[in-house]
Amino acid sequence: MSNLKKTYLISILVLFVVTILGVAFGATPISFTSINLDGIYKYLTNQQLADSTPYVILFEMRLPRVILGMLVGAVLAGCGVAFQSILKNPLAEPYTLGVSSGAGLGATLAMTVLAGTSIFFLPAVSFLSFVFAVTTVILVYFLARSQGQINAINLILAGVVISSTFSAIISFLMLFTDDSIRQIFFWLMGNLQRASWNRITVVFIPAVLGLLIIALKLKDLNILLIGDEEAQTLGVEVEKTKKIIILGATLATAAVVSVSGLIGFVGLIVPHTLRLIFGSNNLKLFPLSVIWGGIFLTLADLLARTIMIPREIPVGIITALTGGPFFLFLLKQKTNRVNNHE
């Protein structure tokens, strides 16, 4: 078995173990001895159970939360790889082009003006955050576009300016609300408390579709790393490829952010950590980032809901506090190895 196949096998095994841990532990303990196949069949077919509590916790709370965490983590890490490659900037992440500020503004408006309402059968918070996230990236794209071409530096600068402007508007709106300020804070810090099968169903198709679009362009993404002009001479349609990748990454990121809020660092830490270990080949880096992004966020969410029982803290705090130092440790190890070889 090749090293790459072993790596994928180990990654999938770790994903399986993390899934079990995520389902097994939480604020309310459940015993797996109280769950059996007959009970699962009766619960799923709406038959009477002597004690349905373990099954309700398992199927309505833990399992959707674990699956949503894996989906969100996979998208953020995978899109982090795409943005870092296409913008040729190691600090790029899924939120670089303003997805976070756009989604945050949409969610804040929904919580302050349209609290408790639905739009097209979706909660107003999810709907507006998705619409504002996509609209913001479109705005950034056209602001950065010049003579039919996309300049990476202009794209990043436009994203920074729009993000700063929208963040100021969010802060302004928060000054005039007392009832929703805690809700807005939790949303901006990111959490998976709202996980449900309905939300997973809504975001699954755009999230997976976005990842598939990126996956189909991984070879071109590798060639773009050597420079736009060189890629053009090698037959890559540079501008078209960039548009397609930005479209896929934006679609996937906006979809998951609409239900999870703003969970930072995943799109930065996971790809860079794997890049330090496995190199920069996107054909290998992207699928591994998708898997380990799901693992990382599921573990972070497990900590977020168990470390201060019965209180739950936003998972974005955990990703920042645990991922940041770990990434710096790996970076230091890498620097030391390079220096020792010189």
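**Helix packing in a predicted model**

Visitor: Is the crossing of α5 and α11 left-handed or right-handed?

Guide: Helix α5 passes α11 in a right-handed crossing (the near helix is turned clockwise from the far one by less than a right angle; anticlockwise would be left-handed). The model is predicted, so local features need pLDDT of at least 70 and side-chain atom pairs pLDDT 80 or more, while totals for chains, interfaces and linings use all residues. Residues are numbered from 1 along each chain, and side-chain values use heavy atoms, without hydrogens and water.

Visitor: Where are these two helices, and at what angle do they cross?

Guide: Helix α5 covers residues 124-144 and helix α11 covers residues 238-260. Their axes (lines fitted to C-alpha atoms over the stretch in contact, with angles from 0 to 180 degrees between N-to-C directions) come within 8 Å and cross at roughly 155°. The two helices are therefore roughly antiparallel to each other (over 145 degrees; under 35 is roughly parallel, 65 to 115 roughly perpendicular, the rest oblique).

Visitor: Which residues of α5 and α11 meet?

Guide: On the α5 side they are S126, S129, F130, A133, V134, V137 and Y141. They meet K243, I246, T250, L251, A254, A255, S258 and V259 in α11, where contact means heavy atoms within 4.5 Å. By class, this contact has ten nonpolar, four polar and one charged residues (Ala, Val, Leu, Ile, Met, Phe, Trp, Tyr, Cys and Pro are nonpolar, Asp, Glu, Lys and Arg charged, the others, Gly among them, polar).

Visitor: And how does α5 pack with α6?

Guide: Helix α6 spans residues 152-174 and packs with α5 at an angle of about 135°, the axes being 8 Å apart. That makes α5 oblique to α6. The crossing of α5 and α6 is right-handed. T136, L139, V140, Y141, L143 and A144 of α5 face N154, L155, A158, G159, I162 and F166 of α6 in this contact. Its residues are nine nonpolar, three polar and no charged.

Visitor: What about α4 and α7?

Guide: Helix α4 (residues 99-113) and helix α7 (residues 181-189) have axes that come within 10 Å and cross at roughly 160°. That makes α4 roughly antiparallel to α7. Their crossing is right-handed. From α4 the contact takes A103, G104, A107, T108, M111 and T112, and from α7 it takes Q183, I184, W187 and L188. The classes come to six nonpolar, four polar and no charged residues.

Visitor: Changing topic, how many helices and strands does the chain have?

Guide: The protein chain has 14 helices and four strands (DSSP runs, helices H or I of at least four residues and strands E of at least two, numbered from the N terminus). Along its principal axes, the C-alpha trace spans about 70 × 55 × 35 Å.

Visitor: What is residues 155-176 like?

Guide: That span is 91% helix and 0% strand, with its end C-alpha atoms 32 Å apart. Residues 196-216 are 90% helix and 0% strand, and the end C-alpha atoms there lie 30 Å apart.
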